[in-house]
Amino acid sequence: MSTQTKPSIVFAHGIWADGSCFQKLIPALRAEGHAVMAAQYGLDTLKGDVDATIRTFGRVSGPIVLVGHSYGGTVITHAGVDPRVAALVYMAALGPDETETSQGQQDKFPKTDVFKYVEVADGRVWMRPDGVACFAGDLSPEEQEIVYATHFAPASDLFNQQHDGIAWRSKPSWSIVATEDRTVHPDLERSAAKRMGATTVELKSSHVPMLSQPRDVLDVIRNAAAAVISWQPNFAAAR
């Protein structure tokens, strides 16, 4: 593999979102020569979401920088054990250990404001309109309306499911801590990043820095990709 080959970027979204939440990142990365895909999955089961993300790896070439937002951090923690993945980027994200679930990791920290504004119906957990300010409060009112109109509700037991494989134990990681996050507690994000040994950047952002501060998020992804480029001969040999 040539050292000039740029790694691919694959995104994994969280709950109350889908792959379109990365819309402000994808054009810039593609223009810089990266193959980019955002995995789309149903938020029905953790295994199903991990499997869907791994299937997406087949649409790009390795090595892959795997980026997860929110619950997408749980997804990349497990999907990232795939040998095509060279690096992980966590964005306002969960990152459970092998003994934890997404919910178990959250329960170790104070409950965040957004959970005052949810409703369980038809076996799914919906965010009420008045919860958007806790999720994406630093976006314009118009963008917040789009976030609500497109929010995608997870299965009510999704955060209590487990899966094998902890990629951050063996893969280099980067972490973006959203210091104004009212959905995933910032101290959870800091603790997870420290446990991973992740290269960490703190942004004064709501839970959606990829929408509110895309330039800063792009810089973190670029740094991860640049590191992967420097490792590519060894990565190819390891595969």
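User: How many bridges join strand β3 to strand β4, and do they run parallel or antiparallel?

Analyst: Good place to begin! Please keep in mind that this is a predicted model. Strand β3 (residues 64-69) and strand β4 (residues 85-91) run parallel and are joined by six bridges. To see the register, look for facing residues: L66 has L88 of β4 opposite.

User: Which sheet has β3 and β4 in its order, and how many strands does that sheet have?

Analyst: Reading a sheet means walking across its strands. Here the walk goes β2-β1-β3-β4-β7-β8, an open sheet of six strands with parallel pairing. At its edges you meet β2 (36-38) and β8 (199-203), each of which pairs on one side only. Between neighbouring strands of this sheet the average turn is 15°, with direction ignored. While you follow a strand, remember one general idea: side chains in a regular strand alternate between the two faces of the sheet.

User: Which strands does helix α3 lie across, and which does helix α7 touch?

Analyst: For a helix on a sheet, ask what it touches and at what angle it runs. Helix α3 (residues 72-79) lies across β1 (8-12), β3 and β4, and runs at about 150° to β3. Helix α7 (residues 186-196) also packs on the sheet, where it touches β4, β7 (173-178) and β8. The direction of α7 makes about 165° with that of β7.

User: Where can I find an antiparallel pair?

Analyst: Look at β5 (118-121) and strand β6 (residues 124-127), which pair in the antiparallel sense over four bridges. One bridge partner to find is R124 in β6, which goes with A121. The hairpin of β5 and β6 has two residues between the strands, and D122 there takes a positive phi near 55°.

User: Which residue that is not a glycine has a positive phi of about 55°, and which residues does a cis peptide bond join?

Analyst: Backbone angles are worth checking in loops. L43 is not a glycine, yet has a positive phi of about 55°; its place is the loop between β2 and α2. The cis peptide bond joins G62 and P63, with omega about 0°. P63 sits in the loop between α2 (46-57) and β3.

User: How many aromatic pairs are there, and why is the pair of W16 and F135 called edge-to-face?

Analyst: Across the whole structure, a search finds four aromatic pairs. To class a pair, compare the ring planes: over 60 degrees counts as edge-to-face. The planes of W16 and F135 stand at 75°, with ring centres 5.9 Å apart, so this pair is edge-to-face. W16 lies in the loop between β1 and α1 (26-31), while F135 belongs to helix α5 (residues 132-136), so the pair ties together parts 119 residues apart in sequence.

User: What volume does the largest pocket have, and which residues lie nearest its centre?

Analyst: With a pocket, start from the volume and then turn to the lining. The largest pocket has a volume of about 370 Å³. Its lining holds 23 residues, with Q103, Q106, K111, F115 and F159 nearest the centre. The elements giving two or more residues to this lining are α4 (102-106) and β5. By class, the lining has 14 nonpolar, seven polar and two charged residues.

User: Which element gives the largest share of the lining of the second largest pocket?

Analyst: That is α6, with three residues. Both α6 (141-149) and α8 (209-212) supply at least two residues of the lining. The second largest pocket contains about 240 Å³ of space and is lined by 17 residues, of which Q23, I146, V147, T150 and L211 lie nearest its centre. The lining of the second largest pocket divides into 10 nonpolar, four polar and three charged residues.

Definitions and conventions: Residues are numbered from 1 along each chain as its sequence is written. This is a predicted model: local features need pLDDT of at least 70, side-chain atom pairs count only at pLDDT 80 or more; totals for chains, interfaces and linings use all residues. Side-chain values use heavy atoms; hydrogens and water are left out. On a 1 Å grid over the protein atoms alone, a cavity is a set of points where a 1.4 Å probe fits but cannot get out, and a pocket is an open set with protein on both sides within 12 Å along at least five of seven lines; lining residues have an atom within 4 Å of a point. Grid points are joined across faces, edges and corners, and a volume is the space filled by probe spheres set on the points. Ala, Val, Leu, Ile, Met, Phe, Trp, Tyr, Cys and Pro count as nonpolar, Asp, Glu, Lys and Arg as charged, and the others, Gly among them, as polar. Two strands pair if DSSP finds at least two bridges between them. Axes are lines fitted to C-alpha atoms, for helices over the stretch in contact, and angles run from 0 to 180 degrees between N-to-C directions. Contact means heavy atoms within 4.5 Å. Rings of Phe, Tyr and Trp (its six-membered ring) pair if their centres lie within 6.5 Å; planes under 30 degrees apart count as stacked, over 60 as edge-to-face and the rest as tilted.
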